[in-house]
Every structure is written in C-alpha cells, then in structure tokens.
Amino acid sequence: MITHYLFPHTYKKFGLLLIVLFTPLLILNWIEVFEFSFLIDTSPMTNSISGIVKNNGDYNLEVFLSTVLIGLTLISFSKFRIEDELTNYLRSKALFYAFTIELLCVLFSIWSFHGINFALVMCYFTLLPLVLYTLLLHFFYYYYQFKNK
Amino acid sequence: MKNTLKVHRAQHAITQEELANAIAVSRQSIHAIESGKFVPSTILALKLAHYFNVSVEALFILEKRD
C-alpha cells in the first residue's frame, strides 16, 4: 500500500480534536432538525448553546457534518507514529472489511426497504468502488501477465 | 511459518522495543511476527537476519501446511 501520500502523524490529533468538538454539536443539531427539540433544554442558561446548534435556515448541519467527516478523513489518512509493514497490512485489512461491510449494508438496504430507485442512486456512490476494484484488479493482473511474457 | 525470532532475541538479550528501534519498525510488528500473526516481507526478514547475523532460513522455517 502506498503511504507516501498520507498526512503527517500530527494531523491525527487535529482530526480527533475536530471530532470531539463537532460531534456533540452535530448530534444536538440532528435532534433539532428531526424535531426531537423537546430533548434540548430551553432554559435561559442553555439558550446560548441552543442558539448555536439550531438550524435557523443556515447550513449548521452541513457544516458540522462536513467538519466531522474532515476529522475522520484526517484520522484515517494520517500516518501512525511508526509507519511500517504491519500498519500497511492493517490498513489494507481494515479497508477491505470496511468496503465489504458497507457493500453488504447497501445491498441489504436496497433489498429490504429503499428499493431499486435507491440502488440507482447508490450505483454512483457506493457500487462504483466495486466496479473500480474489479476493473483495476483485472487490469493489474493482466498487465503483469503481459509484462512477464 | 514458524520463526525463531524470540529465541534469537533472548540469546542477544534485547527487548522487543530495542529490536524494533534497530530495524526501524514498531514494537507491535515485532510482537506480531514473534507470535506468528504477521509474516514479514523479504526486506524485513533480511533486515532481521542481518541484525542477528544469521541466515533467513535460520530465523523463518516453513511448515508443511505453508
């Protein structure tokens, strides 16, 4: 696995900081958006916090969600303190399992409750890695086979 | 694949941490190799062999199931 393009190790801490700061705000914002606002205390003391997380026609939800995703990206694609063969192997293994589980979840969602329209949308976002994986795997396989002749 | 890394490390009286620092890998890697959970690449196997001044075959032994 190519690790030259990974972020430096210190970025991991920055990603963790973003997640710790923005996940509670994201959860509170979701509660507000999905009309569970009775869960938020509206007493004068907490009005300032409530004002931050309310989705008053702004893009709070999108901002919080994007920030958490950036945090996760920084954590996932930052180097470990010592980046060696074992970490490369574990990275590949984790990526393989994540990809497989995600694919199963999508297929289950299509089959169980979302239907074929969801499948058409997900083709662009989720099933694309499967198509790319299959194409790239066979390309590399036949490329090496051709090169060895 | 079996390996005699732990034996060689004991003979040289060095810790996993010291061996890891000497060949620029993490201590977890040494532990994973010693416990047979991770098979190192040829480069790492050669580095380990050079460090202990033995052949790779003396460190790593193929089993029948391999």
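## A first look at chains A and B

In chain A, 74% of the contacts with a separation of 6 or more join residues that lie 24 or more positions apart. Keep in mind as you look around that this is a predicted model. Its scores are ipTM 0.82 and pTM 0.72. For chain B, the mean pLDDT is 92, and 100% of the residues reach 70 or more.

**Chain A**

Let us begin with the elements of chain A. There are six helices and zero strands, so that, read from the N terminus on, the order is α-α-α-α-α-α. Of the 149 residues in chain A, 7% are buried.

Helix 3 of chain A is a good place to pause. This helix covers residues 60–76, and its 17 residues should span 24 Å at 1.5 Å a residue; the end C-alpha atoms are indeed 24 Å apart, so the two values agree. Which residues of helix 3 of chain A are buried? They are A:Phe64, A:Gly71 and A:Leu74. Looking down the axis of this helix, you will find its buried residues within an arc of 90 degrees, so they line one face of the helix.

**Chain B**

Now turn to chain B and its largest nonpolar core. Seven residues form this core: B:Leu5, B:Leu19, B:Val25, B:Ile30, B:Ile33, B:Leu48 and B:Leu59. Leaving aside residues up to four places away in sequence, B:Leu5 touches B:Ile33, B:Glu34, B:Leu48 and B:Leu59.

For a contrast, find B:Arg65 in the segment after strand 2 (60–61) of chain B. Is B:Arg65 buried or exposed? B:Arg65 counts as exposed because it has 5 C-beta neighbours inside 10 Å, where the cut-off for exposed is 12 or fewer. B:Arg65 and B:Met1 are 64 residues apart in sequence, and their C-alpha atoms are 8.4 Å apart in space.

**Where the chains meet**

Finally, look at the contacts between the chains. Nine residues of chain B are in contact with five residues of chain A. On the chain B side, helix 3 (residues 27–34) gives the largest share, with three residues. The table sorts the residues on this side of chain B by kind.

| Kind of residue on the side of chain B that touches chain A | Number of residues |
|---|---|
| Nonpolar | five residues |
| Polar | four residues |
| Charged | no residues |

Note on methods: Residues numbered from 1 in each chain as written. Chains lettered and ligands numbered in written order. Predicted model: local features only at pLDDT ≥ 70, side-chain atom pairs only at ≥ 80, totals over all residues. pLDDT = per-residue confidence, 0-100. Contact = placed C-beta atoms within 7 Å. Helix = DSSP H or I, 4+ residues; strand = E, 2+ residues; numbered from the N terminus. Nonpolar A, V, L, I, M, F, W, Y, C, P; charged D, E, K, R; others polar. Buried ≥ 20, exposed ≤ 12 C-beta atoms within 10 Å, placed from the backbone. Core = buried A, V, L, I, M, F, W, Y, C linked by C-beta atoms within 7 Å. Expected span 1.5 Å × (residues − 1). Arc of directions from axis to C-beta.
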